[in-house]
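Here is a briefing for a first look at this protein. Keep the sequence and the 3D view open while you read.

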Amino acid sequence: MYLLLDEPSFRLQTTLVMEIGFNEAFLLQHLHYRSLISKNERDGYKWVYKTYEDWKEEIPFWSLNKIRRTIYSLESQGYLISNSSYNKMKIDRTKWYRVDYTKPIFLSQNGTLDVSD
């Protein structure tokens with residue numbers, strides 16, 4: 001069994017890890033990938049909606065507390081925008097997430113969007 005070869009891997013940009021931290025870069029990269037395939041568009045943006053438990057299913061090697069802390073860190077730094085107003089019922093605690101691609105680290109030198117997969 002060759003664990004390093006059997007499954008697709010996540011690639012992280014060293015520059016992004018150095019800028020925002022490993023956990024934050026990992027979650028942000030995962031959200032970016034999910035955004036590319038998302039069919040949930042609201043207000044001109046693609047959103048990914050998940051509960052913390054949903055994130056735990058996708059990242060099973062992280063604890064719920066680590067997921068919460070990482071999401072809070074990304075929200076606090078402004079790299080992650082979250083919203084729960086798109087939920088149909090007020091008791092629904094699912095959050096909708098999107099990457100804020102207007103942050104300077106995502107822009108090229110001429111000010112245009114520069115997001116690599």
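In this predicted model, helix H2 holds a run of buried residues from Glu-24, Ala-25, Phe-26, Leu-27 and Leu-28 on to Gln-29, His-30, Leu-31 and His-32, with Ser-35 buried as well. Their cover includes H1, H3 and H4, along with strand E2 (45-50), E3 and E4. H2 also gives the most residues to the largest nonpolar core, namely 5.

**Helix H2 and His-30**

- H2 has 16 residues, which at 1.5 Å a residue should span 22 Å. Its end C-alpha atoms lie 23 Å apart, in agreement with that value.
- His-30 is one of the residues of H2. Is His-30 buried or exposed? Its relative accessibility is 7%, so His-30 counts as buried.
- Beyond its neighbours within four places in sequence, His-30 is in contact with Phe-10, Trp-55 and Glu-58.
- Of these partners, Trp-55 is also among the core residues that touch the most other members. Glu-58 takes part in a network of salt bridges.

**The largest nonpolar core**

- This core counts 19 residues.
- Which members touch the most others? They are Ile-20, Leu-27, Leu-28, Leu-31, Trp-55, Ile-71 and Leu-74.
- At least two core residues come from each of H1, H2, H4 and E4.
- Ile-20 has contacts with Ala-25, Leu-28, Leu-74, Gln-77, Tyr-79 and Ile-105, leaving out residues up to four places away in sequence.
- Two of those contacts, Ala-25 and Leu-28, are buried residues of H2. Another, Leu-74, is a buried residue of H4.

**Helix H4**

- The 14 residues of H4 should span 20 Å at 1.5 Å a residue. The end C-alpha atoms are 20 Å apart, which agrees.
- Which residues of H4 are buried? Ile-67, Thr-70, Ile-71, Ser-73 and Leu-74 are.
- Viewed down the helix axis, these buried residues fall within an arc of 160°, so they line one face of H4.
- Arg-69 and Tyr-72 are exposed on the other side of H4.
- The cover over the buried residues of H4 includes helix H1 (14-20), H2, H3, strand E3 (80-83) and E4.
- Gly-78 follows H4 and has a positive phi, near 85°.

**Salt bridges**

- How many salt bridges does a search of the whole structure find? The search finds 3.
- Glu-58 and Arg-34 form one of them through their side chains, at 3.1 Å from N to O. Glu-58 lies in helix H3 (residues 52-58) and Arg-34 in helix H2 (residues 22-37), so this pair ties together parts 24 residues apart in sequence.
- Both ends of that pair are partly exposed: Glu-58 has a relative accessible area of 25%, and Arg-34 stands at 26% relative accessibility.
- Glu-58 also bridges to Lys-50, with the closest N and O atoms 2.6 Å apart. Lys-50 is buried, at a relative accessible area of 10%.
- Arg-34, Lys-50 and Glu-58 are thus linked in a network of salt bridges.
- Glu-75 pairs with Lys-95, the closest N and O atoms being 2.8 Å apart. Glu-75 belongs to helix H4 (residues 64-77) and Lys-95 to strand E4 (residues 95-99), so the pair ties together parts 20 residues apart in sequence.
- Glu-75 is partly exposed, with a relative accessible area of 23%. Lys-95 counts as buried, at 18% relative accessibility.

**The whole protein**

- The protein has 4 helices and 4 strands. Along the sequence they follow the pattern α-α-β-β-α-α-β-β.
- Of its 117 residues, 32% are buried.
- Among contacts with a separation of 6 or more, 50% join residues 24 or more positions apart.
- The accessible surface comes to about 8300 Å². Carbon and sulfur atoms account for 52% of that surface.

Key:
Residues numbered from 1 in each chain as written. Predicted model: local features only at pLDDT ≥ 70, side-chain atom pairs only at ≥ 80, totals over all residues. Heavy atoms only, no water. Salt bridge = Lys/Arg side-chain N within 4 Å of Asp/Glu carboxyl O. Buried < 20%, exposed > 50% of the residue type's maximum accessible area, 1.4 Å probe, protein only. Expected span 1.5 Å × (residues − 1). Arc of directions from axis to C-beta. Contact = heavy atoms within 4.5 Å. Core = buried A, V, L, I, M, F, W, Y, C linked by side-chain atoms within 4.5 Å. Areas by Shrake-Rupley, 256 points an atom, 1.4 Å probe, with all protein chains shown as cover.
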